[in-house]
Amino acid sequence: MLVIGIAGGTGSGKTTVVRKIIESLPKDEVAVMPQDSYYKDNAHIPLETRLKMNYDEPASIEWSLLCRHLEMLREGKAIDMPTYDFLTCSRLKETVHLLPREVVVVEGILVLTDKTLREMMDVKVFVDADADERLIRVIMRDCVERGRTPKMVIDRYQETLKPMHELHIEPSKRYADLIVPQGGNNKVAIKLLTDYIRSLLPNGNNHTNA
């Protein structure tokens, strides 16, 4: 099993890079573990308080569960991955049954900040993008998917996202084996990454999509 870690700031284009990796490999060969699924369960905290909590620092993630699940996949065992609701900032009852695959992608803004998780990765990637581009993507995403207004997103960016990016996410770039500048728009870097991943797999030269 090949474990790929993909980090980068909010709105940097990580999802695009993950999608390109999946598209470059045979069907059902990639399992994706989003960091967002492993936010700590704060259902016991009042909603008003939950909405104001900082979700962009390492302490917000249940790393022990994420690492345990990844280890189970490496041992050939299936897992029931948690799911998370960004509207209520709480973990859902539903889970996602995930089977072991040739490639497991662990994706999220903070995945390179945790030493234990980093040591489980075979390839570490940091997706980079300009701050203004990331902000535009975050506004578009959060207004459509998470029911927030542009003002709410900008306020959160200034109060939390930007300082947390500078404190935790940007410094984690130094752990990356590969940095993808220009985010998901960098076709050359993404092709180099996907070609490299294929080369690491058994009979890698034969692992291409028609």
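Helices and strands here are DSSP runs, numbered from the N terminus. With that in hand, here is a first stop. Cysteine 89 sits in the loop between strand S3 (79–85) and strand S4 (90–98). Its phi is near 55°, a positive value in a residue other than glycine. Most residues other than glycine have a negative phi. Aspartate 28 also carries a positive phi, near 65°. That aspartate is found in the loop between H1 and S2.

Before going on, a caution. This is a predicted model. The mean pLDDT of the protein is 88, and 96% of its residues reach 70 or more. Which element has the highest mean pLDDT, and which the lowest? Helix H3, residues 63–74, is highest at 98. Helix H5, residues 131–145, is lowest at 78. One stretch needs care. Over residues 205–210 the pLDDT is below 50. In the model, that stretch still has 13 contacts beyond near neighbours in sequence. Where pLDDT is low, the predicted coordinates should not be read in detail.

Now the sheet. In what order do the strands run? The order is S2-S5-S1-S6-S7, 5 strands in an open sheet with parallel pairing. Strand S2 (30–34) and strand S7 (178–180) are at the edges. Each has a single partner strand, so one side of each is left without a neighbour in the sheet. From one strand to the next, the twist averages 20°.

Look at one pair inside that order. Strand S1, residues 2–8, runs parallel to strand S5, residues 103–107, and 5 bridges join them. Glycine 5 has valine 106 in S5 as its bridge partner. Helix H1, residues 14–24, lies across S1, S2, S5 and strand S6 (123–127). Against S1, helix H1 runs at about 155°.

On to the spaces, pockets first. The largest pocket holds about 1100 Å³ of space. Its lining has 38 residues. Which of them lie nearest its centre? They are Thr10, Asp36, Phe86, Arg141 and Arg146. H1, S2, H5 and H6 each give two or more residues to this lining. Recall that H5 has the lowest mean pLDDT among the elements. By class, the lining of the largest pocket splits into 13 nonpolar, 12 polar and 13 charged residues.

The second largest pocket has about 170 Å³ of space. Among its lining residues are Lys20, Ser24, Gly184, Lys187 and Arg198. Two elements, H1 and helix H7 (187–200), give two or more residues each. H7 supplies the largest share, 6 residues. How does this lining divide by class? There are 1 nonpolar, 3 polar and 5 charged residues.

Last, the closed space. Rolling a probe the size of a water molecule over the atoms shows where empty space is left. The structure holds 1 cavity of 30 Å³ or more. About 50 Å³ of space lies in the largest cavity. Its lining includes Thr10, Asp56, Arg134, Tyr157 and His165. Thr10 also appears in the lining of the largest pocket. Which helix gives the largest share of the cavity lining? That is helix H6, residues 150–169, with 6 residues. The classes in the cavity lining are 4 nonpolar, 2 polar and 3 charged.

To close, three places to look at on the screen. Find Thr10, on the lining of the cavity. Find glycine 5 and its partner valine 106. Then find residues 205–210, where the pLDDT is below 50.

How values were computed
Residues are numbered from 1 along each chain as its sequence is written. This is a predicted model: local features need pLDDT of at least 70, side-chain atom pairs count only at pLDDT 80 or more; totals for chains, interfaces and linings use all residues. Side-chain values use heavy atoms; hydrogens and water are left out. On a 1 Å grid over the protein atoms alone, a cavity is a set of points where a 1.4 Å probe fits but cannot get out, and a pocket is an open set with protein on both sides within 12 Å along at least five of seven lines; lining residues have an atom within 4 Å of a point. Grid points are joined across faces, edges and corners, and a volume is the space filled by probe spheres set on the points. Helices (H or I, at least four residues) and strands (E, at least two) are DSSP runs, numbered from the N terminus. Ala, Val, Leu, Ile, Met, Phe, Trp, Tyr, Cys and Pro count as nonpolar, Asp, Glu, Lys and Arg as charged, and the others, Gly among them, as polar. Two strands pair if DSSP finds at least two bridges between them. Axes are lines fitted to C-alpha atoms, for helices over the stretch in contact, and angles run from 0 to 180 degrees between N-to-C directions. Contact means heavy atoms within 4.5 Å. pLDDT is the predictor's confidence in each residue, from 0 to 100.
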